[in-house]
There are 2 protein chains.
Amino acid sequence: MTLAPIAGPPTPSELDGRLVRVRARMEESDIDVYVAVDPVNVYYLTNFFNFVHERPFVLVIRRDGPLQFVVPHLEESHVRARAVAELDIVRYFEFPAPDGHTWHDRLAALLPRGSRIGVEGAMPLRIAERIPDERVTDDIIDETRFVKTPYEVGRMAHACGILDMGYDRLMQICRPGAMLADLQQDVVGRMMRRTLEEIPHANPLATSFKALVQPPSLSDDPHNFTDAFVRMELGGPHVTLVVGQVNGYGVEHERTVFLGEVSARAKDPFDAMLEGRRRAFEMLRPGTNMGSIDAEVRAIYRRRGYGDALLHRTGHGLGITGHEAPFLAVGYDRALEAGMVVSVEPGIYLPGIGGFRHSDTVLITENGSVSLTHAPETIDELTFPVST
Amino acid sequence: MTLAPIAGPPTPSELDGRLVRVRARMEESDIDVYVAVDPVNVYYLTNFFNFVHERPFVLVIRRDGPLQFVVPHLEESHVRARAVAELDIVRYFEFPAPDGHTWHDRLAALLPRGSRIGVEGAMPLRIAERIPDERVTDDIIDETRFVKTPYEVGRMAHACGILDMGYDRLMQICRPGAMLADLQQDVVGRMMRRTLEEIPHANPLATSFKALVQPPSLSDDPHNFTDAFVRMELGGPHVTLVVGQVNGYGVEHERTVFLGEVSARAKDPFDAMLEGRRRAFEMLRPGTNMGSIDAEVRAIYRRRGYGDALLHRTGHGLGITGHEAPFLAVGYDRALEAGMVVSVEPGIYLPGIGGFRHSDTVLITENGSVSLTHAPETIDELTFPVST
């Protein structure tokens with residue numbers, strides 16, 4: 001499996017290969033027509049990404065022939081500018097519209113009577129209720145996306161290279177007193193500029209970054225980013241996050257770091273976190289039950305006395321978004337496959353002490369795994385000197 | 001109706017008033033329990049806003065008693081930090097989870113057997129299919145949001161003040177050769193700083209801005225913002241957009257402007273756009289059928305020879321988001337009411353010449369309307385001198 005970064009757009013044959021795999025799943029599930037409205041699934045099969053409020057973009061996938069794409073008139077030129085796949089575009093004027101001119105009138109005309117129609121679990125009821133005939137919820141495009149193509153692996157490797165740069169910059173400028181808003185602006189600006197240098201026509205609707213830091217007073221609460229003025233402190237644990245979607249590929253890179261000193265009470269939870277994380281990495285290979293990885297990590301944390309300090313599962317999939325199925329989570333009893341990309345990020349959260357979590361974007365290979373993001377992981381390597 | 005800007009958070013009694021109105025609609029629709037998952041509707045009733053990927057936040061509204069809120073463990077402290085409403089929090093550990101420990105196990109335990117359960121049209125099938133008993137799609141929270149409270153009008157007036165400042169700045173710095181990315185950075189940065197000065201604890205998950213400019217070569221394609229390096233040109237029409245969500249209230253401010261000179265062929269479409277827009281404003285009062293406003297504008301455009309140059313309806317609602325129901329659109333046969341807030345933005349789009357559109361954020365009052373955004377509208381006032 002090649003890891004060479006790729007910055008160029010997908011070819012029609014790349015997209016056609018994805019469609020062939022989607023259609024194979026349609027056949028397995030005895031689905032005549034699949035109707036997709038999730039912007040991420042539409043992007044996967046067309047290279048076009050957008051969401052314009054209440055106006056649906058509806059991709060109709062039959063067992064053969066070109067894709068049909070019901071789009072608002074307003075967006076037709078945009079679709080033609082970005083789409084790589086062969087598309088029959090069917091436009092409607094607006095939402096709402098008089099009877100006979102609505103998006104669902106256009107859609108109904110494309111669906112043969114008596115079809116068995118597959119739809120996404122993400123489909124909103126207001127759209128689902130417009131689909132005539134038998135409707136079956138089956139996330140076949142989402143599942144096709146689980147295993148990346150060599151092209152996608154190259155794109156994700158490229159995206160992770162941008163994040164590695166952003167992480168290195170964040171580590172250069174982090175210091176006690178540094179304010180989140182300033183760190184964010186510096187690091188995000190650099191990642192965005194690098195992206196536009198390397199991909200001048202990057203899709204702005206599928207490109208965004210965050211660079212975040214939580215000081216020890218907040219890092220026990222992993223989603224607490226509500227104060228842009230928060231400042232880094234002497235010591236730690238600080239949890240740092242550099243995440244982004246780079247022209248359509250979502251990746252993440254997180255480390256727990258210290259500034260100047262490590263308090264005695266932070267050492268054991270950091271070490272336990274590393275033990276859990278290393279066990280998870282050992283288990284990453286095709287065939288491993290994903291739920292069992294999370295179960296093993298939890299057993300380690302319980303054994304070390306941190307059984308109450310978990311707030312989330314061990315990991316999740318990445319791909320077009322930075323957060324999607326499959327999941328490394330108890331209750332998710334499916335096997336890893338080569339070509340999947342997952343985060344590995346078991347965390348320990350201790351109010352009054354802080355949070356302990358590293359995360360990498362990791363590719364499952366034929367015989368194990370390889371991380372697409374790169375950074376040290378030991379407490380010594382992640383404790384930075386403070387100039388006085 | 002007061003228009004004094006308000007920057008402070010809602011009181012519990014403000015939120016309770018909203019809940020009373022939602023419950024009145026539940027009673028009218030014979031709904032025993034309403035289940036809301038749209039983050040915007042949840043925010044409306046709780047002041048808590050978030051969306052964490054596949055982990056649902058489920059708000060359960062019975063006919064009386066406190067709101068019940070099923071949330072991921074990971075977010076419980078965040079919910080408690082932001083929520084203003086009285087909430088019974090019911091937490092689940094993660095998604096996915098083993099049987100008996102899932103979010104839908106928690107939800108099922110809250111729903112009395114045999115209830116008639118109301119849900120949103122925005123609800124994804126993967127959530128809807130977990131709701132037992134009789135399910136009826138009825139957007140009662142969305143519809144309650146149509147008519148703003150005096151508090152909400154004050155918040156939207158405040159948000160429009162931020163946009164007015166951003167628009168004024170954009171007009172100061174626009175010039176031939178100015179690059180979209182630079183204009184965006186300057187204007188968005190100022191609007192964000194002003195917001196944080198005025199609302200230091202503004203919710204970053206409900207605060208964002210855009211400042212966009214389309215030169216005449218792109219402005220005939222109203223959603224074409226795919227090139228961050230595009231530059232303004234001598235002449236016009238440039239379409240400028242300053243839009244944002246200011247701590248939970250979405251507003252917009254758009255003008256068609258010229259730099260230095262106006263080509264002869266731009267004058268008539270600009271004048272036709274103004275005629276359509278003025279007719280729309282004349283019709284803005286309680287009782288007017290919203291579809292009829294769009295129909296009148298279209299008739300004016302047809303009469304003036306621009307019947308093929310429309311790409312979208314005359315306007316849309318604004319509120320928590322910058323784009324929502326109700327709609328000023330043919331086919332939307334409902335009456336305006338005092339307290340609604342809508343955009344007025346009929347547009348004309350001519351390939352080879354450009355786009356012509358102004359938009360304001362407009363409050364419907366007891367006897368007419370008042371714009372919450374402020375800028376000139378004539379071609380003379382919107383043609384700026386160019387220093388040579």
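This tour proceeds from one chain to the pair and then to a helix contact in chain B.

The model is predicted, so local features require pLDDT of at least 70 and side-chain atom pairs pLDDT 80 or more, while totals for chains, interfaces and linings use all residues. Residues are numbered from 1 along each chain as its sequence is written, and chains are lettered from A in the order in which they are written.

Select chain A. Its secondary structure comes to 10 helices and 17 strands (DSSP runs numbered from the N terminus: helices H or I of at least four residues, strands E of at least two). The C-alpha atoms of chain A fill a box of roughly 70 × 40 × 40 Å along the principal axes.

Next, display both chains. A turn of 180° with a shift of 0.0 Å along the axis lays chain A on chain B with an RMSD of 0.0 Å (least-squares superposition on C-alpha atoms of residues with pLDDT of at least 70 in both). That is the relation of a two-fold axis. Centre on Pro124(A), whose C-alpha, at 2.1 Å, comes closest to the rotation axis among the residues of chain A.

Now select residues 150-173 and 180-198 of chain B, helices H7 and H8, whose axes come within 9 Å and cross at roughly 150° (lines fitted to C-alpha atoms over the stretch in contact, with angles from 0 to 180 degrees between N-to-C directions). H7(B) is therefore roughly antiparallel to H8(B), a term for angles over 145 degrees. Show side chains at the contact (C-beta atoms, placed from the backbone, within 7 Å): the residues include Ile162(B) and Met165(B) of H7(B), and Leu183(B) and Val187(B) of H8(B).

Notes:
Parallel < 35°, antiparallel > 145°, perpendicular 65-115°, else oblique. Contact = placed C-beta atoms within 7 Å.
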